[in-house]
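This report walks through one protein model, from ring pairs to single residues. Please keep the sequence and the coordinates open while reading.

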Amino acid sequence: MAGAGNLLSNVYSTYELTEPYHYDAYNFDYLFEIDSAGKKITADARYVSYRNYSDALMTADHYGAAGESLFTNVIRTHQPGSIKIKSVQADAELPFDEINLKTGFKFAEVCNDNNFHSEKLDQDQYIEIEDMTDHFQYSEKIIAGYISGSKSIAKISFDLGFRIEHTISEIDLANAMVNRSNNYTSFFPNFSASHQFQDDSRINIAVSKRINRPAYSGLNPVRWYNDEYFYFYGNPDLVPETARLFTTSYVLSNKYIFNMEYSKSSNYISRRLSYDPNGVTIRSQSANFRNYDRFDFNTVTPLKISDSWGLQVLTGVNYIFYPISEADYQSNLQQWAWNLSLQQQVKFLEHYSADISIKYTSSELYGVYVTGDVFFIDFGVKRTLIKGLDAVIAVNDVFNSYREIGYSNSRLTNYYYNEKPDSRRVSLTLRYNFGGELVNSGKKKTEEQQRL
């Protein structure tokens, strides 16, 4: 802290966080082939159980300008939480001579329970902090159905679809006596058209509407401290973000890809900075903002350097514009950014091949923050031992250069971060093919799982 340019005191904070968690997922899949023409029905049921037993201890040591010890604040938190997800989904593909139809429905139910407690050390005894102790419960049910049809006329293909969702959700905070319910229906149309040219080139345009629901942690008003004077907490008042997407893509000679996309979001979800009621502590909270505009242009260029050396060049440029809000001040942020990725496949000697991936991302906007540049290289070598048996050794982030750096676009604080995650890893894999085609058994996560 400082006044008139003079140092008044220093604060050194440590935050120890332990988060043992358990994640269990079960799914059941069913396929029924109606006929040999491709008509089929697929269905799956899923159950996910996520439990997080979070405990944290924050210690803040206060020192005077001369370095003398003044006092120490200690806060400990216990935040056991559980999230259970149940979902069932069925889809039907019905190709006919004139039109190809797809239809389906989905039901998903989510229950989130977090009974969190916070205590402050006072004269060798821990005393409960009332405004940091509560029982958060969130329930959500989504019923959805869709139908789409595609048809080709000469070399032009059309696809028109429509999805409807009905959502029922409820948030309850026992101590704060907060109870909010939402019951609404949303509509999501989509349309695309593509034209195939004679030289193996094609152009495609698409228009769609999408929804982005908040993460479960974004709704939960639990506090997560960076230090004694800066913390993040969730917002029970969040509403889903909706976006309209306009996309144009062009494929040249069935090799080179050019893609442009513009998206405009309403109620977009980001972070808002404000002062705690004490007028000193800065708090960061998920919040809805008016609009979010983003433009992207991406290219994919495959190159053949030689018979044993292939290269894919991926480039991207984007522009972002959106408002931010902090305390009683509002402003608009905008920035251009770009990225480059080089993916190389090299065959050498008789049984060896190598994959080299070089990736760079420039500084870009992320909520109230501006991130730093990101650069790293991944490398892998495959050796065919015998027919059907391969050994692969891979090194992620070879030079350990990946860092997460950023600073805030804030008038309230000069907050910045410089983190080094565990990015450099070495793995050895042995893979044997007994014959036949490999089946990808990996299941894509549902929207509800992605919000964990």
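## Aromatic rings

Rings of Phe, Tyr and Trp (its six-membered ring) count as a pair if their centres lie within 6.5 Å; planes under 30 degrees apart are stacked, over 60 edge-to-face, and the rest tilted. By that rule, ring pairs join Y268, F289, Y292 and Y322 into a cluster. The model is predicted: local features need pLDDT of at least 70, side-chain atom pairs count only at pLDDT 80 or more, and totals for chains, interfaces and linings use all residues. Residues are numbered from 1 along each chain as its sequence is written, and side-chain values use heavy atoms, with hydrogens and water left out.

The whole structure holds 16 aromatic pairs. One of them is Y369 with Y417: the ring centres are 5.9 Å apart and the planes stand at 80°, so this pair is edge-to-face. It links distant parts of the chain, with Y369 in strand β22 (residues 369-371) and Y417 in strand β26 (residues 416-419), 48 residues apart. Y369 is buried at a relative accessible area of 10%, and Y417 is buried at 17%. Here buried means under 20% relative accessible area, exposed means over 50%, and partly exposed lies in between (1.4 Å probe, protein chains only).

## Charges over rings

A charge sits over a ring if NZ of Lys or CZ of Arg is within 6 Å of the ring centre and within 35 degrees of the ring normal. R76 lies over the face of Y126, 3.7 Å from the ring centre. R271 lies over the face of F232, at 3.9 Å from the ring centre.

## The chain as a whole

The protein chain has two helices and 27 strands. Both are DSSP runs, numbered from the N terminus: helices are H or I with at least four residues, strands are E with at least two. The C-alpha atoms fill a box of roughly 80 × 55 × 45 Å along the principal axes. Of the 452 residues, 34% count as buried. The accessible surface comes to about 26900 Å², and 54% of it belongs to carbon and sulfur atoms. These areas come from the Shrake-Rupley method with a 1.4 Å probe; for residues, only the protein chains shown count as cover.

A contact means heavy atoms within 4.5 Å. Among contacts between residues at least 6 apart in sequence, 59% join residues at least 24 apart. The chain has 44 positive and 54 negative side chains, and the centres of the two sets lie 7 Å apart. Lys and Arg count as positive, Asp and Glu as negative; His and the chain ends are not counted. Each charge is placed at NZ of Lys, CZ of Arg, CG of Asp or CD of Glu.

## Two loops with positive phi

Most residues other than glycine have a negative phi. A154 is not a glycine, yet its phi is positive, at about 55°. It sits in the loop between β9 (134-153) and β10 (156-173). A154 counts as exposed because its relative accessibility is 82%.

M177 also has a positive phi, about 50°, and is not a glycine. Its loop runs between β10 and β11 (178-196). At 75% relative accessibility, M177 counts as exposed.

## Four strand residues

Which residues does S148 touch, beyond those up to four places away in sequence? They are N100, L101, K102, D159, L160 and G161. S148 belongs to strand β9 and is buried, at 17% relative accessibility. Y231 lies in strand β14 (residues 230-233). It is buried at 2%. Leaving out residues up to four places away, Y231 touches R223, W224, Y225, N226, D276, T281, I282, R283 and S284. The C-alpha atoms of Y231 and Y15 are 11 Å apart, with their positions 216 residues apart along the chain.

Is E261 buried or partly exposed? Its relative accessibility is 26%, so E261 counts as partly exposed. E261 is in strand β16 (residues 256-275). Outside residues up to four places away, E261 touches L245, F246, T247, R294, F295 and D296. N212, in strand β12 (residues 202-212), is partly exposed at 39%. With the same sequence neighbours left out, N212 touches P240, E241 and I269.
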